[in-house]
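This report goes through a structure with an eye to its charged pairs, its helix packing and its cysteines. Please keep the sequence and the coordinates at hand while reading.

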Amino acid sequence: MTAKGGLIDKRFFDWDISKPIIGLLLLNLTGFAVGIFRLFDYEFTDTTTVLVNLFWVMYNLIVLGVALAVAAEEKQVRMAHRIDVDYPVSFMTTSGHHYPARLKDFSFSGLGMQVDPNINIQNGDEVLVALERYGIKESFRCVVRFSRDGVIGAELLPMTMEKEKRFVQCTFARSDTWSKWQQAYEQDKPLESLKSMLYASAIGIKKMIEFSPAMVKTVVFKWFDMVASVASYRPRWIV
């Protein structure tokens with residue numbers, strides 16, 4: 001279980017949670033090497049059994065690679081995760097001007113809005129954003145942290161417990177928030193899912209090697225060079 005919430009100021013690999021996975025990975029690599037050796041053993045005749053076992057070992061290696069990808073933590077600069085939405089809101093500036101907008105995402109700490117690019121909103125401006133709950137509009141004080149080409153990122157100012165409850169009712173508790181979120185999912189495509197799984201597995205193993213001690217990286221790269229050298233002797237078609 002990885003820690004939730006908070007910021008991650010640098011990339012790292014969680015070796016503690018990945019130790020059992022690495023152990024299983026090494027066992028499967030050993031089994032794969034033994035299987036390849038068996039295939040070239042002229043005294044061994046049960047080739048079909050070896051091929052079936054090699055297939056399952058390769059499948060295990062792919063799954064373990066995906067598990068290793070989870071142990072690689074990337075830099076995280078946002079305290080709260082954002083939910084993508086798309087519904088109309090409005091906001092008022094300190095000068096008393098009202099403007100329509102589209103709420104594009106929200107979190108416990110801020111809002112992302114799409115507005116008319118001609119509206120002059122500067123970083124640091126305080127705005128009052130009106131959200132709707134059960135037909136009743138609620139206003140929330142925010143300060144603009146980002147404004148460019150009609151895209152506004154606003155940070156919510158401190159609220160009372162009652163105000164936070166109303167904010168949740170206007171955002172997370174809206175029924176259309178999660179129905180639209182589910183509609184954003186594409187239809188499942190088995191081949192595409194397999195491709196994504198293979199990619200994630202490769203990334204997981206790559207991250208493990210990247211964060212490994214220098215000695216381990218040297219051994220792995222030398223092994224890759226040896227495999228590439230052996231592969232260079234494979235038969236080639238001459239046109």
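A residue is called buried when its relative accessible area is under 20%, exposed when that area is over 50%, and partly exposed in between. The structure discussed here is a predicted model, and the values below are computed from it.

**Salt bridges**

Side chains of opposite charge can pair when their charged atoms come close. In this model, 10 salt bridges are found, and three of the pairs are set out in the table.

| Pair | Closest N to O distance |
|---|---|
| Lys-104 and Asp-86 | 3.2 Å |
| Glu-138 and Arg-166 | 3.7 Å |
| Glu-155 and Arg-145 | 2.7 Å |

Lys-104 and Asp-86, which form a salt bridge at 3.2 Å, link distant parts of the chain, with Lys-104 in strand β4 (residues 98-106) and Asp-86 in strand β3 (residues 83-93), 18 residues apart. Lys-104 has a relative accessible area of 32%, which lies between the two limits, so Lys-104 counts as partly exposed. Asp-86 is likewise partly exposed, because its relative accessibility is 32%.

The salt bridge between Glu-138 and Arg-166, at 3.7 Å, ties together parts of the chain that are 28 residues apart in sequence, because Glu-138 lies in strand β7 (residues 136-148) and Arg-166 in helix α3 (residues 161-170). Glu-138 is buried, at a relative accessible area of 8%, whereas Arg-166 is partly exposed at 28%. Both residues also belong to a network of salt bridges that links Glu-138, Glu-162, Lys-163 and Arg-166.

Glu-155 and Arg-145 meet in a salt bridge at 2.7 Å, and this pair too links distant parts of the chain, since Glu-155 is in strand β8 (residues 151-156) and Arg-145 in strand β7, 10 residues apart. Glu-155 is partly exposed, with a relative accessibility of 34%, while Arg-145 is exposed, with a relative accessible area of 52%.

In the loop between β7 and β8 lies Asp-149, a residue other than glycine whose phi is positive, near 50°. Asp-149 counts as exposed, because its relative accessibility is 64%.

**Helices and recorded transmembrane regions**

An unreviewed UniProt entry lists residues 21-40 and 52-72 under "transmembrane region". In the model, residues 21-40 are 95% helix and 0% strand, with their end C-alpha atoms 29 Å apart. Residues 52-72 are 95% helix and 5% strand, and there the end C-alpha atoms lie 31 Å apart.

Helix α2 (residues 47-71) packs against helix α5 (residues 190-210) at an angle of about 60°, and the two axes are 7 Å apart. The crossing of α2 past α5 is left-handed. On the α2 side, the residues in contact are Leu-61, Ile-62, Val-63, Gly-65, Val-66, Leu-68 and Ala-69, and they meet Met-197, Leu-198, Ala-200, Ser-201, Gly-204, Ile-205 and Met-208 in α5.

**Cysteines**

How many disulfides does the structure hold? A disulfide requires a pair of cysteine sulfur atoms within 2.5 Å, and by this rule the count is zero. As for accessibility, Cys-142 is buried, with a relative accessible area of 0%, and Cys-170 is buried as well, with a relative accessible area of 1%.

Notes:
Residues numbered from 1 in each chain as written. Predicted model: local features only at pLDDT ≥ 70, side-chain atom pairs only at ≥ 80, totals over all residues. Heavy atoms only, no water. Buried < 20%, exposed > 50% of the residue type's maximum accessible area, 1.4 Å probe, protein only. UniProt positions renumbered as here; feature names shortened; annotations may be inferred. Helix = DSSP H or I, 4+ residues; strand = E, 2+ residues; numbered from the N terminus. Salt bridge = Lys/Arg side-chain N within 4 Å of Asp/Glu carboxyl O. Axes fitted to C-alpha atoms, helices over the stretch in contact; angles between N-to-C directions. Left-handed = near helix turned anticlockwise from the far one by under 90°. Contact = heavy atoms within 4.5 Å.
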